[in-house]
Amino acid sequence: MQLTGAQALIKSLEAEGVDTIFGLPGGAILPVYDPILDSSIRHILVRHEQGAGHMAEGYAQATGKAGVAMVTSGPGATNIVTPIANAHMDSTPLVVITGQVATASIGTDAFQECDITGITMGITKHNFLIQSAHEIPRVVAAAFHLATTGRPGPVLIDLPKDISQSKMEWWYPTTIEELDLPGYHPEVPLDEEAVALAVALIGASERPVLYVGGGTLKSRATLELRAFAERTKIPVVTTLMARGAFPDSHELHLGMPGMHGMYSAVTAIQKADLLISLGARFDDRVTGQISSFAAGAKVIHVDIDRAEFNKVRRADVALQTNVASALRALDAAKATPLNLDVWWKQIRTWQERYPLVYDEPTAEGPLLAQHVIKAIAAQAAPGTIVTAGVGQHQMWASQFWEFEEPGTWVNSGGAGTMGFGVPAAIGAKVGRPDRTVWCIDGDGCFQMTAQELVTARVEGIPIKVAIMNNAYLGMVRQWQEMFYEERYSEVYLSAELPDYVKWAEAMGCVGLRAHNLQEMHDVIEIANQVNDVPVVIDFRTHTAEKVFPMVAAGASNDDIIVHPLQRGDAR
Amino acid sequence: MSPEPLLGATGRAPARHHILSVLVENKPGVLARIAGLFARRGFNIYSLAVAPSEGNARFSRVTIVVDAESAPLEQIVGQLDKLVNVVAITDLAPNDAIERELLLATLSVDDGNRGDVLDVVANAGAAIIDVNALSVTVMLAGTPSACDELEKSLESFAEVALQRTGRVALPRLGPAATA
Ligand SMILES: Cc1ncc(C[n+]2csc(CCOP(=O)(O)OP(=O)(O)O)c2C)c(N)n1
Ligand SMILES: [Mg+2]
């Protein structure tokens, strides 16, 4: 069967089981947009290519499948660079297809030419510049294989226009060998010796902590984690990328560690004699000052990516495998039961003394974001998916929403990309139409990508957006207040401008606003009744509220700053 | 990233230099991927040599002398190995490697010093590969330290140009000779 390169590309995506492409056409990718009309794949037309990338990320994080985005060359391609970098930092499987100028024009500064494979070399797991129509099926199959196996990540395919217009004889690879990836070996055999060493370390520990990272979700190891934790009774902390990997309601769960982590989670790590790191990477937002991080702990480091071992923290045992098989192996070893009574007693005193707190909100407002988030969560159906922007509201969402299952928390961790929340919510809702999707957003973040609500309305994707409108780039304001002597520089946004209700309505969404507690309860109820169009709520929140606990950047986790309500107590 | 001179009495690289012999797919951009990785992770390269490998057009061999003090070797190898086009990495510790480098130098000469040049060349086991009335071009294929020594001895002559290739290396066959 003779096909054009463009037809072969779409047929290859169909062969990979793709059901949705997020994209926006233009000259160089035009040939590929024609066969989309005849395809079973749903194309969602975005308003800005950054939106397409974050939607694909939201789709991927919520479903575990690769998200797919397609854009044109030059500015279309550069507009999607931020989501690619974001997906690279968070190991999110993405396949991004960019149009490229015709092969003969490459290198001539042709109209809308840009070296997107060069630009994205350092922020993709791999990228391809297609050389012939014949190789399209192989490259697409390889891209999905690379994006979704081993440590997942974004893969970019750059497709020159003449190649999408030229003819090829249809074929599709059926074996791994045909993918022609001689240097790619994502799975390595389990190192039994390392497993035995790890079992011995666990058996000898008195104050162990399971330090659970995003890799646990990626390797779908939540059942194994639960079984292992319940058998050993080892306390669990879940990083920002792993929220939902272990139920927040579980008695063994201490919550999130790190810069804005729970006091008990941060302190348990600091005092631990053994850290069992499961798909986590000792990010500086978790470790704080590295020299004083868990200084007395031995480390068992489980990761599929061997370059993570000894990168930040020396591992006593490095176990290169996916988290699920590591946990199965550790569990099978049935080490002697630990007696962690003393350890748990200590942890319970930290939990009792330093729970998450915030001031009592006053009936007339302003609202407190923490309280708003809890109120939304209280009315949300089980399994609701939450996305967030980046800033104070993101930390509060992670702290105050109780995550019970994997895939329910979708956020930008490693890159911290403002504007992630709205398009990621759209992508998550497309991937999981059965779920309610709330985006907990900041007023600053919302203004970066809000135009995608037009996409959501037109495409019939009814997400709910709660803007924590504190009139500020709040997280930056918090740093200026605490570390720059209250010298506020370029952080004020205004609560009134833009008018979020009118803006929502102009985009075909329901727009609501709440200043006080009564209005807060009312708008949440209304929002929960709207299920056909997107809803946007402008919650007027306190401008000066700060996120606690906090470990200042570069400071030791021992110097965690607790909420003012909790200060003065002896620690 | 200015490299220190590669001196060493044993004729081998000092310990902080490691030789990575990297088999890569012959794909467009593969060198840029390696160079980009080293640049963005702050790994230092002393020298780098590339050539088609073992008569197989699919692969090339890249010989990289890295500074194992700019980053732990484990980290350099681990990151390099993640490049999809990298097929195999052999870490050649200095004592386990046979290394060679090529040096070319063109010197201006006159009747007064032509004899001195010829002496230096003969002593170093180098060859004269081009001559005219005003200059000679000298070549040495030898150990990096032999190249270092020749380069030093040529300093007293007026140099028109001098170029070294950077080293290539293969694993030593027998047990390493003690230095
Ligand atoms: C694209 C981008 N630009 C700048 C920043 C730096 N930054 C981090 S949080 C933040 C403030 C976010 O403001 P807002 O969305 O209103 O959230 P808030 O902190 O007020 O809840 C800024 C500017 C960033 N993370 N991303
Ligand atoms: Mg704000």
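**Exercise 1. Which spacing along the chain do the donors of the magnesium ion (ligand 2) follow, and where do A:Asp443 and A:Tyr472 lie?**

Solution. In this predicted model, the donors of the magnesium ion (ligand 2) are spaced along the chain as D-x26-N-x1-Y. The next step is to place the two ends of that pattern: A:Asp443 belongs to helix H19 (residues 443-449) of chain A, whereas A:Tyr472 sits in the loop between strand S18 (464-469) and helix H21 (474-483) of chain A, so that the pair, 29 residues apart, links distant parts of the chain. Turning to the atoms, the ion is coordinated by A:Asp443 through OD, by A:Asn470 through OD1 and by A:Tyr472 through O, at 2.0 to 2.1 Å. As for burial, A:Asp443 has a relative accessible area of 1% and is buried, and A:Tyr472, at 17% relative accessibility, is buried because the cut-off is under 20%.

**Exercise 2. Which residues of helix H3 (residues 114-124) of chain B are buried, and which are exposed on the other side?**

Solution. Begin with the buried residues of this helix, which are B:Val117, B:Val120 and B:Val121. They cover an arc of only 100° around the axis, and therefore lie on the same side of H3(B). An α-helix has 3.6 residues a turn, so residues three or four places apart point the same way. On the other side of H3(B), B:Ala122 and B:Asn123 are exposed. The cover over the buried residues includes strand S5 (97-108), strand S6 (127-131), strand S7 (135-142) and helix H4 (144-153) of chain B. Finally, H3(B) is followed by B:Gly125, which has a positive phi near 70°.

**Exercise 3. At what angle do H3(A) and helix H18 (residues 421-431) of chain A pack, and what is in contact with A:Ala66?**

Solution. Take the helix pair to begin with: H3(A) and H18(A) pack at about 45°, with their axes 6 Å apart. Because of that angle, H3(A) counts as oblique to H18(A), and H3(A) passes H18(A) in a right-handed crossing. Among the residues that meet are A:Gly51, A:Gly58 and A:Ala62 in H3(A) and A:Ala424, A:Gly427 and A:Gly431 in H18(A).

Then move to the loop between helix H3 (49-63) and strand S4 (67-71) of chain A, where A:Ala66 lies. A:Ala66 is buried, with a relative accessible area of 12%. Leaving aside neighbours within four places in sequence, A:Ala66 is in contact with A:Tyr59, A:Ala60, A:Pro93, A:Phe144 and A:Thr148. For A:Thr148, which is 82 residues from A:Ala66 along the chain, the C-alpha atoms of the two residues are separated by 6.5 Å.

Technical notes
Residues are numbered from 1 along each chain as its sequence is written. Chains are lettered from A and ligands numbered from 1 in the order in which they are written. This is a predicted model: local features need pLDDT of at least 70, side-chain atom pairs count only at pLDDT 80 or more; totals for chains, interfaces and linings use all residues. Side-chain values use heavy atoms; hydrogens and water are left out. Donors are N, O and S atoms within 2.8 Å of the metal (3.2 Å for Na, K and Ca); water is not among the atoms, so sites may look incomplete. Helices (H or I, at least four residues) and strands (E, at least two) are DSSP runs, numbered from the N terminus. Buried means under 20% relative accessible area, exposed over 50%, partly exposed in between (1.4 Å probe, protein chains only). The arc is that of the directions from the helix axis to the C-beta atoms. Contact means heavy atoms within 4.5 Å. Axes are lines fitted to C-alpha atoms, for helices over the stretch in contact, and angles run from 0 to 180 degrees between N-to-C directions. Angles under 35 degrees count as roughly parallel, over 145 as roughly antiparallel, 65 to 115 as roughly perpendicular and the rest as oblique. A crossing is left-handed if the near helix is turned anticlockwise from the far one by less than a right angle, and right-handed if clockwise.
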